[in-house]
Amino acid sequence: MQSVITSISMWIIPGIISLIMVFAIWNRVRVYETFVEGAKDGFSTAIQIMPHLVGMMVAITIFQESGALQFIINLIKPIFDWLHFPTEVFPLAIMKPLSGTGSLAIATDLIARYGPDSYIGRLASTMQGSADTTLFIVTVYFGAVGIKKVGYSIKVGLFADLIGIIASLIVVSLYF
Amino acid sequence: MVNWIWLVLILFGVLTAALNGNIGVLNHAIFEGAKTGVTISFGLISILVFWLGMMKIAEEAGLLTWISRLLRPFIHWLFPELPKNHPVVGYILSNMTANIFGLGNAATPMGIKAMQELQKLNPTKEKASPSMATLLAINTSSITIVPTTIISVRMTYHSVNPTEIVGTTLIATTCSTIAALLLDRYYRNRNR
């Protein structure tokens with residue numbers, strides 16, 4: 001199983017590139033010129049995203065470093081204790097929608113501390129893999145096209161994160 | 001809503017720091033945060049340049065139209081207002097494929113490209129279109145079959161079976177994606 005997954009993830013990108021190339025030859029596309037033509041938009045796109053990312057990252061870092069995140073965690077903790085939610089993974093659940101690198105750091109720490117094959121280790125692994133960083137995706141995707149009114153996207157993303165966390169909790173408890 | 005989240009994160013953070021008497025931490029946090037933002041943007045340059053180039057070839061070669069024709073019913077169900085066989089469907093599908101295989105690095109440029117194409121079809125340039133909201137819903141809840149990063153973390157810490165969480169992750173991620181799509185549908189119908 002493990003070797004199959006490792007070889008799939010190793011082959012997938014070279015595979016996609018080869019597929020694109022075969023199609024291009026078939027349809028007589030001038031591959032190199034077309035590549036450069038498309039690629040030149042990459043730099044400007046990245047630059048356009050930068051102000052959005054800087055703004056959001058500053059706010060998230062302030063929230064995290066000031067102790068505000070910890071304050072919220074302490075505030076909601078009793079409710080989760082009462083629901084038998086393992087409090088150790090709670091910071092991960094709160095961090096997940098805010099920051100991808102932040103939540104990966106917490107998940108790695110939990111796996112290191114409790115062991116990858118412990119209940120908490122498995123729960124942290126499942127939670128980390130089951131949702132994406134809502135705030136990052138909204139910032140980057142809408143920032144790239146200059147959308148100012150994001151509508152209901154954040155609500156949908158946060159709701160999905162919540163369901164993902166609850167589902168992880170239930171599935172890991174039942175499965176292992 | 002972004003306005004509010006941003007404001008609350010900053011003000012609540014400053015207030016907490018002030019009450020805890022560690023306002024000094026903030027000076028560090030502000031510049032660290034700004035630096036992270038720039039680092040991520042610059043990190044995106046290489047993958048954006050490469051994948052946007054590749055996607056241009058895929059588009060010119062007709063691969064994207066071919067894929068979108070193949071998966072037309074599925075995409076029509078998710079994005080009812082998109083024109084038939086439009087290349088944007090190919091971009092959306094590439095983004096979803098990259099997400100499914102946990103290729104975060106490739107998923108972002110393809111998602112951005114899909115967003116740029118959706119923006120061309122968007123009648124109100126400042127406001128997100130329903131298709132954009134659905135694309136975001138799929139991405140923020142991201143169906144993942146192979147959570148590559150976390151598997152490698154588990155390997156690092158000598159798990160007996162690093163991939164044993166693939167099954168539980170798949171179930172959890174399916175639940176969150178279904179929830180996101182249902183809520184997206186609800187808002188779509190309400191706003192019509």
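Helix 7 of chain B, where helices are DSSP runs (H or I) of at least four residues, numbered from the N terminus, has twelve residues and reaches 17 Å from its first C-alpha to its last. That is close to the 16 Å expected at 1.5 Å a residue, the expected span being 1.5 Å times one less than the number of residues.

Please note that this is a predicted model, in which local features need pLDDT of at least 70 and side-chain atom pairs count only at pLDDT 80 or more, while totals for chains, interfaces and linings use all residues. Residues are numbered from 1 along each chain as its sequence is written, chains are lettered from A and ligands numbered from 1 in the order in which they are written, and side-chain values use heavy atoms, with hydrogens and water left out.

Is helix 7 of chain B mostly covered or mostly exposed? Eleven of its twelve residues are buried, meaning under 20% relative accessible area with a 1.4 Å probe, protein chains only. Among them are B:Leu135, B:Leu136 and B:Thr140.

I turn now to the interface. The contact, defined as heavy atoms within 4.5 Å, takes 102 residues from chain B and 94 residues from chain A. The area buried between the two chains is about 8,400 Å², and carbon and sulfur atoms give 79% of it; buried area is the accessible area (1.4 Å probe) that two parts lose on being put together, summed over both. In chain B, B:Leu9, B:Ile57 and B:Thr140 lose the most area to chain A.

Finally, how many salt bridges are there between chain B and chain A? The count is three, a salt bridge being a side-chain nitrogen of Lys or Arg within 4 Å of a carboxyl oxygen of Asp or Glu. B:Arg154 forms one with A:Asp117, their closest N and O atoms being 3.4 Å apart.

Technical notes
Helices (H or I, at least four residues) and strands (E, at least two) are DSSP runs, numbered from the N terminus. Buried means under 20% relative accessible area, exposed over 50%, partly exposed in between (1.4 Å probe, protein chains only).
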